[in-house]
Amino acid sequence: SFNHYLRKDIKMKLLVVVAIAALCLAQVDARKKKKTAAAVAELQEQVASLLGEISSLRDQVDSANEALAEVSSLREQVASAGEAVEASKTDSAWQALHMAAAAACRGSTASGGTGPWGNAVIPKENTRSCDDICGATAHNVCDADVSLIGYPGKAADYTNPIGYFYNYGCGTPGNTDVNFDEVKAEEGRIRAENVTYYRFCCCRMA
């Protein structure tokens, strides 16, 4: 009947519509997949780029840490060198004092330091006499007990003293001020602003 054909035609058209709709959906889904795949690929490239940048930054951080370690090592070397220089200056100051003491002993010795052996300059302990100090060494005869002080800096005129000296004699301790005792003095005292006397025994072999 007509209605039968009409219903059949409607069904066919509906099937075609469904088929077209399905095809359209498939095409849309395919486009979405392509877009999604493209987006994923782009994200992968960005991630790879970021990982490369992170790796580069890590290398830079490692290089910076190595540079900081080198700087720290250099600072330690500079500090050590500075300490060595300061120690050298102090040692030189003590040596200059010892040479002055030797010269003072040379001038204070009646014989002028004659004999087959070198004559000795020995630091004087503040509570003992030079007779006792020389007597306890191979250079067992005392010729003099000298006390010296010299001021730092270059002389500026011909009237102001640059130093002083005493000869206390060998038999008594003399001035017992502990500050005159080099052995008991602090290492850097000779370079301190508080300039003081230091005492020495002029000793020779009998």
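**Salt bridges, sheet and core of the predicted model**

R204 and D143 are joined by a salt bridge in which the closest N and O atoms are 2.9 Å apart. This pair connects distant parts of the chain, since R204 belongs to strand β4 and D143 to strand β2, with the two positions 61 residues apart in sequence. R204 has a relative accessible area of 27% and is partly exposed. D143 also counts as partly exposed, at 24% relative accessibility. The coordinates are those of a predicted model, and the values reported here were computed from it.

A further salt bridge is formed by D145 and R199, with 2.5 Å between the closest N and O atoms. D145 lies in strand β2 and R199 in strand β4, and the two residues are 54 residues apart. D145 counts as buried at 0% relative accessibility, and R199 counts as buried at 2%. With a cut-off for burial of under 20% relative accessible area, the 24% of D143 places D143 in the partly exposed class. In general, side chains of opposite charge can pair when their charged atoms come close.

In total, the structure holds 5 salt bridges. One of them joins the side chains of K184 and E125, at an N to O distance of 3.6 Å. K184 is located in the loop between β3 and β4, and E125 in the loop between β1 and α2 (130-135), so the contact ties together parts that lie 59 residues apart in sequence. K184 is partly exposed at 46% relative accessibility, and E125 is partly exposed at 27%.

The secondary structure consists of 2 helices and 4 strands. Read from the N terminus, the elements follow the order α-β-α-β-β-β. Helix α1 covers residues 2-108. Of the 206 residues of the protein, 18% count as buried.

The 4 strands make up an open sheet with antiparallel pairing, in the order β1-β4-β2-β3. β1 (120-123) and β3 occupy the edges, and each has a single partner strand, so one side of each is left without a neighbour in the sheet. Neighbouring strands of the sheet are turned against each other by 30 degrees on average, with direction ignored.

Within this sheet, β2 pairs with strand β4 (residues 198-204) in the antiparallel sense over 7 bridges. A144 has C202 as its bridge partner in β4, and D145 has C201. D145 thus takes part in a backbone pairing with β4 at C201 and in a side-chain contact with R199. β2 also pairs in the antiparallel sense with strand β3 (residues 163-167), here over 5 bridges. In this second pairing, I149 stands opposite Y164 of β3. Of the 10 residues of strand β2 (residues 141-150), 7 are buried, so β2 is largely enclosed by the rest of the structure. In a regular strand the side chains alternate between the two faces of the sheet.

The largest nonpolar core has 12 residues: W94, L97, A101, A104, C105, A144, V146, L148, A185, Y198, F200 and C202. The elements that contribute two or more residues to this core are α1, β2 and β4. The largest contribution comes from α1, with 5 residues. The bridge partners A144 and C202 are both members of this core. In soluble globular proteins, nonpolar side chains tend to be buried together.

Nonpolar side chains are also found at the surface. L50, L51 and I54 make a nonpolar surface patch of about 280 Å². I54 is placed in helix α1 and is partly exposed, with a relative accessible area of 40%. Helix α1 therefore carries I54 of the patch and, through another set of residues, gives 5 members to the largest nonpolar core.

Technical notes. Residues numbered from 1 in each chain as written. Predicted model: local features only at pLDDT ≥ 70, side-chain atom pairs only at ≥ 80, totals over all residues. Heavy atoms only, no water. Buried < 20%, exposed > 50% of the residue type's maximum accessible area, 1.4 Å probe, protein only. Pairing = 2+ DSSP bridges. Patch = residues over 30% accessible without salt bridge, like charges linked within 9 Å, V, L, I, M, F, W, Y side chains within 5 Å. Areas by Shrake-Rupley, 256 points an atom, 1.4 Å probe, with all protein chains shown as cover. Salt bridge = Lys/Arg side-chain N within 4 Å of Asp/Glu carboxyl O. Axes fitted to C-alpha atoms, helices over the stretch in contact; angles between N-to-C directions. Core = buried A, V, L, I, M, F, W, Y, C linked by side-chain atoms within 4.5 Å.
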